[in-house]
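Subject: The structure I promised you

Hi there,

Here is the structure we talked about, so open it up and keep it on screen while you read. My notes on what turned up follow just below it.

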Amino acid sequence: MVAFTGFKGQTGNVQDLADDDGSDWVGFLQSGTGAVAESIQDKLRQTVSVKDFGAVGDGVTNDTTAIQSALAAANKVYFPEGTYFIGGSTIDVPNNAYIYGDGIGSIVLADASTRVDPTTDSLFNLNSYVTFKDICINGDRPNAVQEIRSISIDDGAHDCLFHNVTFVD
């Protein structure tokens, strides 16, 4: 076995790098003056993908829990190309969230037929300083009994930005 000291001063052997926390043993330093070193694990956790939390993106599987979990884990949440189905509940978007995708190919799809009151329910409930970028929001899932067409912004919330967001149906 080969022993070594990790980025944060932990001691172990090379096999520790294969563990699920192995990326915490290796350091990363961004180029440029004033950059601060951090572990690879910390760097990679700055942005999460909804797929990291189990979202499928096939337009059929309910991805609500995975999306909510991703938003709880990080402020920067990526929707890779796919169709992400939200059914049954409103997604609460925390302050300072940055939600982005691959443009028209990253689709958030809703079916309001499972909601308590689809005429007043929202797909997303936003807080302050929220950004949506390069994503498509579709409030009308095929064969849905009822469509949903709203995004609510909490009372007192402000500075929400929509950039290159397509709203369909």
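Let's start with F79. Leaving out residues up to four places away in sequence, F79 touches V50, I67, Y84, I99, Y100, G101, D102, S106, V108 and I135. Click through those ten or so neighbours in the viewer and you'll get a feel for the place. Before you go on, remember that this is a predicted model.

Is F79 buried or exposed? It counts as buried, because its relative accessibility is 2% and the cut-off for buried is under 20%. One of its neighbours, Y84, is buried too, with a relative accessible area of 0%. The rings of F79 and Y84 have their centres 5.3 Å apart, and their planes meet at 80°. An angle over 60° counts as edge-to-face, so that is what this pair is called.

Now zoom out for a moment. The protein chain has 2 helices and 15 strands. It runs to 169 residues, and 37% of them are buried. Take the contacts between residues at least 6 apart in sequence: 61% of these join residues that are at least 24 apart. The accessible surface of the chain is about 9100 Å², and carbon and sulfur atoms account for 50% of it.

Next, the inside. In soluble globular proteins, nonpolar side chains tend to be buried together. Here, the largest nonpolar core has 26 residues. Our friend F79 is among those with the most contacts inside this core, along with V50, I67, L71, V93, F124 and F132. Which elements give two or more residues to this core? They are the helix α2 (64-73) and the strands β7 (76-79), β8 (82-87), β9 (91-93), β11 (106-111), β12 (124-126) and β13 (131-138). The biggest giver is α2, with 4 residues.

So have a closer look at α2. Its buried residues are T64, A66, I67, A70 and L71. They pack against β5 (47-49), β6 (58-62), β7, β8, β9 and β10 (98-101).

One residue that meets this helix is I91, which sits in strand β9. I91 counts as buried, at 0% relative accessibility. Not counting residues up to four places away in sequence, I91 touches T64, I67, Q68, L71, I86, L123, F124 and N125. L123 is a nice one to find in the viewer: I91 and L123 are 32 residues apart along the chain, yet their C-alpha atoms are separated by 6.3 Å.

Back to the aromatic rings. How many aromatic pairs does the structure hold? There are 6. You have already met F79 and Y84, the edge-to-face pair. Y98 and Y100 make a pair as well, but a tilted one, with 5.5 Å from centre to centre and 50° between the planes. Unlike the buried Y84, Y98 is partly exposed, with a relative accessible area of 27%. There is also an aromatic cluster, formed by F124, F132, F162 and F167.

Y98 comes up again in the surroundings of T131, a residue in strand β13. T131 touches A97, Y98, I99 and L161, again leaving out residues up to four places away in sequence. T131 is buried, with a relative accessible area of 14%.

Two residues have backbone angles worth a look. Most residues other than glycine have a negative phi. N96, however, has a positive phi near 65°. You'll find N96 in the loop between β9 and β10, and it is partly exposed, with a relative accessible area of 43%. The other is D134, which is not a glycine either and has a positive phi of about 55°. D134 lies in strand β13.

Last stop, the outside. V2, V14, L17 and V26 make a nonpolar surface patch of about 310 Å². Of these, V26 is in the loop between β2 (11-13) and β3 (27-28). Why can V26 belong to a surface patch? Its relative accessible area is 37%, so it is partly exposed and clears the cut-off of over 30% that patch residues need.

That's the tour. Shout if you get lost in the viewer!

Cheers

Key: Residues numbered from 1 in each chain as written. Predicted model: local features only at pLDDT ≥ 70, side-chain atom pairs only at ≥ 80, totals over all residues. Heavy atoms only, no water. Buried < 20%, exposed > 50% of the residue type's maximum accessible area, 1.4 Å probe, protein only. Contact = heavy atoms within 4.5 Å. Areas by Shrake-Rupley, 256 points an atom, 1.4 Å probe, with all protein chains shown as cover. Core = buried A, V, L, I, M, F, W, Y, C linked by side-chain atoms within 4.5 Å. Patch = residues over 30% accessible without salt bridge, like charges linked within 9 Å, V, L, I, M, F, W, Y side chains within 5 Å. Salt bridge = Lys/Arg side-chain N within 4 Å of Asp/Glu carboxyl O. Phe/Tyr/Trp six-rings, centres within 6.5 Å; stacked < 30°, edge-to-face > 60°.
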